[in-house]
Amino acid sequence: MTKYIIRRLVEMALTLFIIATATFFLLEAVPGDPLTQRADRLPEQSRAALYERYGLDRPVMERYLTQMNNMLHGDFGESFVYAGQTVSGLLKDRLPVSARLGIQQMLLGVSVGLLLGILAATHARSPIDYAVVGLSVLLISVPHLVFGLLLQKVFAGTLKWFPTIGWPTGKDLWLGGWKYTVLPTLTGCFSYIATYARLLKTSMLDVINQDYVLTAESKGLSRGAIVRRHILRNSFIPVMTQLPMSVAMCITGSFFIESIFSIPGIGQYYVTAVQNQDLSIVLGETVLLALLYIVVLFITDVLYVVVDPRISMPGTSSR
Amino acid sequence: MKLKRRSVLGMMGAACLSAILAGCGGSDDSSSAAVSSAAQSGTDTQVLNIRTTAFGNNYDVQDMGWRWMMAACYSGLYRNVADDTGEHFVLDGAESVDVSDDGTVYTFHLQPNAKWSDGQPVTAHDYEYGWKRLVNPKYLYDYASFIFNVVGAEEYYNGTGTADGVMAVAVDDYTFQVTLKIADPTFEAKLVATPLYPTREDLAETAGDQWGKDWTLCVYNGPFCMSELVEDNKMVWTKNTNYWNADETHLETVNWYLVGEDSTAATMFDNGELDVLQTSGDYSRKYQSEAEAGQVQMITADYPGTVCLAFDHKNGGKSGLMGNLKIRKALSYSINREEMIDAVYGRYEPAYGFISPAITFDGKSYRSQVEEPMLADYNKYAGDYDALKSLFQEGLSELGMSTDLSSVTVTYLSYGSTVEESSFREYLQQTWQQNLGIQVELNTVGDYSLFTAERDAGNFDLFSAGWYSDYNDPLDYLNTFYTGLYVSVSGGYSNSEYDALIDSLAGENDNAKRLSIYTQCEQILFDDCATIPLYYSTKEYFLQNWVKDFRWSSFGASQEFYITYIEGRGF
């Protein structure tokens with residue numbers, strides 16, 4: 001086990017290095033640079049000065065090595081476009097915002113999704129089933145942007161139940177300002193509802209046809225007890241596989257939702273940084289998100305073995 | 001020394017007017033109580049909510065970057081404002097100014113009661129530090145060249161001089177003196193720009209490389225102070241009671257909300273969550289009709305920007321045709337500006353010249369003094385597409401090419417994917433194909449970086465270009481066509497006669513002569529058909545009916561609230 005974990009950690013470091021290098025050179029390969037637009041408006045004589053000021057006049061390899069060296073020391077550098085913004089500032093200020101939004105969306109979305117999934121599976125081929133399937137298709141196919149604007153128009157505009165934009169900050173960051181979070185949470189939870197309702201339904205229908213369910217029925221157990229004890233528990237494995245992915249993705253933010261509701265999260269900033277070719281910020285965010293993803297995958301893999309001894313780890317013996 | 005003393009009447013007049021117009025209400029600040037009259041009965045809070053689409057993060061006045069928003073928190077020697085009478089500047093940090101007979105020495109007498117938000121007086125030393133910081137080679141500010149005409153400034157910037165050699169000096173605490181190399185009538189127009197605002201040496205030096213980046217380290221000497229910032233969400237300004245003219249400032253709070261979507265902003269404006277709105281496209285049309293019905297107020301003002309199509313003057317374009325004057329004219333005159341503006345934008349003004357009507361000269365709009373140079377020639381061909389086709393064919397003959405128009409392909413390079421940008425491309429393609437019978441290839445790229453790459457690679461005949469002026473003088477526009485200076489605007493245009501005329505302006509103090517040279521320069525551009533002007537930019541603000549005395553500006557802060565007040569909102 002220890003050997004496996006060490007090997008995985010080395011692999012993770014290597015993956016991060018490759019991701020950082022690839023990101024750096026991909027951004028370099030795109031024509032232009034973060035200063036193009038600004039420089040284009042300046043007289044020729046001031047342009048060289050601008051590039052010199054941001055160190056962009058130096059050769060690519062030199063900048064790559066400097067950047068990598070700085071990153072190893074935890075310094076991702078400063079934004080080219082927004083003076084003073086750094087990746088560490090981003091982690092401190094923006095990540096918690098996206099995290100709360102993501103967690104709320106996921107908790108609500110996954111719970112409602114699972115309930116609907118159970119409902120659809122236990123009422124297979126009934127109008128309830130069709131309604132759940134129809135709803136899932138609708139929820140997954142309509143973009144966030146449309147839902148967000150629609151909810152905003154109705155609940156903030158016409159009914160005035162909730163504020164149109166905004167997000168709790170300061171002491172309210174984690175637990176206060178609920179009224180601000182309702183519409184964004186609803187907007188984002190729809191895709192979770194759709195995903196988990198369909199996932200659990202399919203998985204439950206598979207389990208329902210298993211021999212042990214038949215046995216349980218023949219033993220005369222009640223329908224509720226069969227669902228609870230035998231079907232649900234066994235059909236949760238695909239859900240357990242999906243869930244860590246959702247956790248990893250949920251805190252990385254959503255560009256559209258954050259943009260519509262003016263939420264100071266990480267998602268909106270990431271997209272803007274890519275558009276601006278804001279190298280240090282893109283690099284920092286990419287590496288951090290990759291790290292988050294890799295760590296979650298790693299934990300999931302380890303947990304599999306802990307939860308289900310039948311699953312073996314490569315390079316180790318489960319016998 | 002001849003005294004040229006300006007009074008603060010302009011500003012005081014505007015402020016008094018606002019007081020007469022029933023002042024501000026609901027304020028709990030005693031300083032504004034004296035102005036109030038009708039407001040006594042109201043329950044209006046003096047809070048203004050306004051939308052923006054970006055915050056910036058640049059609070060270094062010398063850096064100019066975010067001046068359009070932040071300039072309203074600062075105060076320089078002059079403040080540029082616009083109202084129904086157009087753009088003009090008023091004295092702000094300076095109480096009066098003396099100019100020497102030869103126009104090279106400016107002595108500014110500062111407001112003795114001007115203070116920073118931390119209570120320290122605003123002194124001539126703060127101006128001296130700000131100006132010297134601007135040309136300090138350590139910082140390489142983009143706008144350093146704004147004051148290269150100050151004795152010693154360019155030398156200091158280039159490393160051949162010293163800070164002490166820069167003749168922008170504090171004579172005493174409240175007298176700031178600037179010596180120019182040669183007289184420059186555009187100098188005063190530049191004083192409204194934030195790079196020439198004062199900066200506190202003690203704070204800036206302590207902050208080091210965090211200066212301008214960390215807003216909590218800033219102090220303000222304008223009507224408002226920034227008091228809260230939530231990135232991508234909200235910025236709050238509160239009234240700066242230390243501003244020298246704070247008695248006339250009625251708003252207690254200005255809330256800036258970052259709202260990316262026009263649809264969201266419209267919902268908020270309809271709800272009364274926003275008091276001032278800038279929008280575009282269909283929403284603009286919607287509020288235009290609401291304004292006509294009196295439900296909201298609308299302000300439309302000229303903005304010093306001209307949107308053009310630039311030719312490839314360097315290589316004659318991908319088609320090799322752009323070097324021909326007749327072909328350039330046929331392309332330009334075949335665009336019906338009025339129809340295009342109506343079909344694509346629903347606002348703006350058609351352009352038949354290069355210099356925007358927002359630019360003033362000698363106190364009047366330049367455009368009201370000089371007729372648009374393209375208009376006469378354009379009108380000769382107006383709508384006569386057969387004549388324009390013949391003109392195009394004549395051009396082809398001159399180049400020794402086949403006169404079969406259908407075999408001609410012209411490439412238009414542009415970027416962006418907004419509805420307006422896409423509509424314009426399609427409009428242009430259709431217009432040239434229909435009116436001239438030529439083929440139009442659209443080289444459309446995703447963003448500005450890709451655009452410059454394609455442009456530098458020469459994959460175009462024409463590209464989308466334009467100029468938004470930095471200071472209020474026609475020269476800022478005309479400089480862009482000076483050989484080699486702004487290829488991104490001129491497309492590489494070069495004309496020695498034009499350059500010589502621009503050069504002859506140096507040290508020219510006679511306004512009549514300057515006007516004559518400006519007129520000649522602009523005429524040369526259109527005799528040569530150096531560019532295709534499309535439209536003059538305008539600003540469009542929608543305001544709730546309860547917003548009073550809102551001001552705007554093209555060269556300082558885009559929105560000015562220093563005399564704005566709320567009346568009749570009821571909350």
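**Exercise 1.** Find how many bridges join strand β5 to strand β7 of chain B, and place both strands in their sheet.

*Solution.* Step 1: strand β5 (residues 105–110) and strand β7 (residues 175–179) of chain B run antiparallel and are joined by five bridges. Strands here are DSSP runs of E with at least two residues, helices are runs of H or I with at least four, and both are numbered from the N terminus. Two strands pair if DSSP finds at least two bridges between them. Step 2: one position to locate is B:Val105, which stands opposite B:Thr179 in β7(B).

This is a predicted model, in which local features need pLDDT of at least 70 and side-chain atom pairs count only at pLDDT 80 or more, while totals for chains, interfaces and linings use all residues. Residues are numbered from 1 along each chain as its sequence is written, and chains are lettered from A and ligands numbered from 1 in the order in which they are written.

Step 3: the open sheet has four strands of chain B in the order β4-β5-β7-β6, with antiparallel pairing. Its edge strands, each pairing on one side only, are β4 (94–99) and β6 (168–172) of chain B.

**Exercise 2.** Determine which strands helix α3 of chain B touches, and how much of the helix is buried.

*Solution.* Step 1: helix α3 (residues 124–134) of chain B packs on the sheet and touches β5, β6 and β7 of chain B. Contact means that the C-beta atoms of two residues, placed from the backbone, lie within 7 Å. Step 2: 10 of the 11 residues of α3(B) are buried, that is, with 20 or more other C-beta atoms within 10 Å of their own (12 or fewer is exposed, in between is partly exposed). Among them are B:Tyr127, B:Trp131 and B:Leu134. Step 3: the cover over these buried residues includes β5, β6, β7 and α6 (201–207) of chain B.

**Exercise 3.** Explain why B:Arg425 is classed as it is, and list what it touches.

*Solution.* Step 1: B:Arg425 lies in helix α14 (residues 419–436) of chain B. Step 2: B:Arg425 is buried because 20 other C-beta atoms lie within 10 Å. Step 3: leaving out residues up to four places away in sequence, B:Arg425 touches B:Ser414, B:Leu442 and B:Thr444.

**Exercise 4.** State how many residues of chain A are in contact with chain B, and which helix supplies the largest share.

*Solution.* Step 1: 40 residues of chain A are in contact with 35 residues of chain B. Step 2: α3(A) gives the largest share of that side of chain A, six residues.

Definitions and conventions
Axes are lines fitted to C-alpha atoms, for helices over the stretch in contact, and angles run from 0 to 180 degrees between N-to-C directions.
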